[in-house]
Amino acid sequence: MKTLLAAALGGAAAVDPAPTIAIAPNVNLPYVALGTGSGQHGSVANATALWLGSSAGKAIDTSIIYGDQPAIAAGIAALGIDRSAYFLETKIVTEDFRHYANHTSIAAEIDENLRELGVAYVDLLLIHFPGTASANREAWMALEAALAAGQTKAIGVSNFGKLNLEALKLAATVWPPAVNQLELSVSYHDDDLLAYHAEEGIVVQAYSPLCGGFNGSSCTAHGGKNVLTVPEVKSLATKYGVSGAQIGLKWIVQQGHPLATSIWNKDYMDEDLTLWNFNISDADMATLSAVYQPEE
């Protein structure tokens, strides 16, 4: 397994506690974001303030359908930090999910996102799920318009497969998408789809990186299991003197993929954000990559 980020960081030397990856011109996504969609935060406002109040927590990932954007705004307001100090990522849904019928209504949905978050712009705006080809085109047109209007710095998608992307590409003016947020973990990964994204120049951001909680249900459907219970992960955590979560997350970022994860308390947050003081060997990366074996 080629360890892209390890090479870029040059081994175990001191590095930026919040390294980023370029996803569009002058737009850099932090490798580790707080994802608020798990439904497992006691208080999203408190989790937001805890995350962004740390030296390494710089990014928040949410969606209009999570219903937590006002709480995120409250957490940010409690800190009193400047808008430029953090990366904000959110998502809209197509008419197939909320019955928005055309470009204008998707534009209104984008405006609603910004109102709920209390900001003039977000850094990254995604289509949350693929709908019909026509719905995807209309939504992408609205994202392109939002990009041109300065409501977002970059646009992308989530949960889109190769066929969804190929169809969307035919109608797009802005291409490629900056990001496709996909389920990706030691317990589940679609290597053919990842290779396609590399060829197209689309950054893959992982969600459900530990394959646990509500968002890990589809991972379980693929035959995967909570990454923290995987014997190879447990063994390597002991070998490297880190937690199982750090092994699971490091396997992702060391391949050059950013991720969104959830936290329950400060200790877990500190683990999730402390991934840059060790590298997993190529042999151990291969061991982890072999944990998931797709059904023939």
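Ala, Val, Leu, Ile, Met, Phe, Trp, Tyr, Cys and Pro count here as nonpolar, Asp, Glu, Lys and Arg as charged, and the others, Gly among them, as polar. With that sorting in hand, the lining of the largest cavity divides into 9 nonpolar residues, no polar and no charged. The structure is a predicted model.

## Cavities

How many cavities of 30 Å³ or more are there? The count comes to 2. The largest cavity holds about 40 Å³ of space. Its lining is made up of Pro17, Ala18, Pro19, Pro30, Tyr31, Val32, Ala56, Leu273 and Trp276. Each of these names can be checked against the nonpolar group: Ala, Val, Leu, Trp, Tyr and Pro are in that group.

## Thr90

Thr90 sits in strand E5, which covers residues 87–92. Is Thr90 buried or exposed? Thr90 counts as buried because its relative accessibility is 0%, and buried means under 20% relative accessible area.

The side chain of Thr90 makes a polar contact of 2.5 Å with the side chain of Gln69. Another polar contact, of 3.1 Å, joins the side chains of Thr90 and Asn113. Gln69 and Asn113 are also among the residues that Thr90 touches when residues up to four places away in sequence are not counted. The rest of that list is Thr62, Ser63, Ile64, Leu117, Val122, Leu124, Leu125 and Leu126.

## Backbone features

Two asparagines have a positive phi, and each lies in a loop. The table sets them side by side.

| Residue | Phi | Loop | Relative accessible area |
|---|---|---|---|
| Asn26 | near 65 degrees | between strand E1 (20–24) and strand E2 (27–30) | 79% |
| Asn159 | about 65 degrees | between strand E7 (155–158) and H7 | 23% |

Neither residue is a glycine. Asn26 is exposed because its relative accessible area is 79%, and exposed means over 50%. Asn159 has a relative accessible area of 23%, so Asn159 is partly exposed; that class lies between the limits for buried, under 20%, and exposed, over 50%.

Which peptide bond is cis, with omega near 5 degrees? The bond in question runs from Trp175 to Pro176. Pro176 is found in the loop between helix H7 (162–171) and strand E8 (179–183). Helix H7 therefore serves as a landmark for two of these places: the loop of Asn159 lies between strand E7 and H7, and the loop of Pro176 lies between H7 and strand E8.

Definitions and conventions
Residues are numbered from 1 along each chain as its sequence is written. This is a predicted model: local features need pLDDT of at least 70, side-chain atom pairs count only at pLDDT 80 or more; totals for chains, interfaces and linings use all residues. Side-chain values use heavy atoms; hydrogens and water are left out. On a 1 Å grid over the protein atoms alone, a cavity is a set of points where a 1.4 Å probe fits but cannot get out, and a pocket is an open set with protein on both sides within 12 Å along at least five of seven lines; lining residues have an atom within 4 Å of a point. Grid points are joined across faces, edges and corners, and a volume is the space filled by probe spheres set on the points. Helices (H or I, at least four residues) and strands (E, at least two) are DSSP runs, numbered from the N terminus. Buried means under 20% relative accessible area, exposed over 50%, partly exposed in between (1.4 Å probe, protein chains only). A polar contact is a pair of N or O atoms within 3.5 Å; within protein, one must be able to donate a hydrogen and the other to accept it, and residues adjacent in sequence count only if both atoms are side-chain atoms. Contact means heavy atoms within 4.5 Å.
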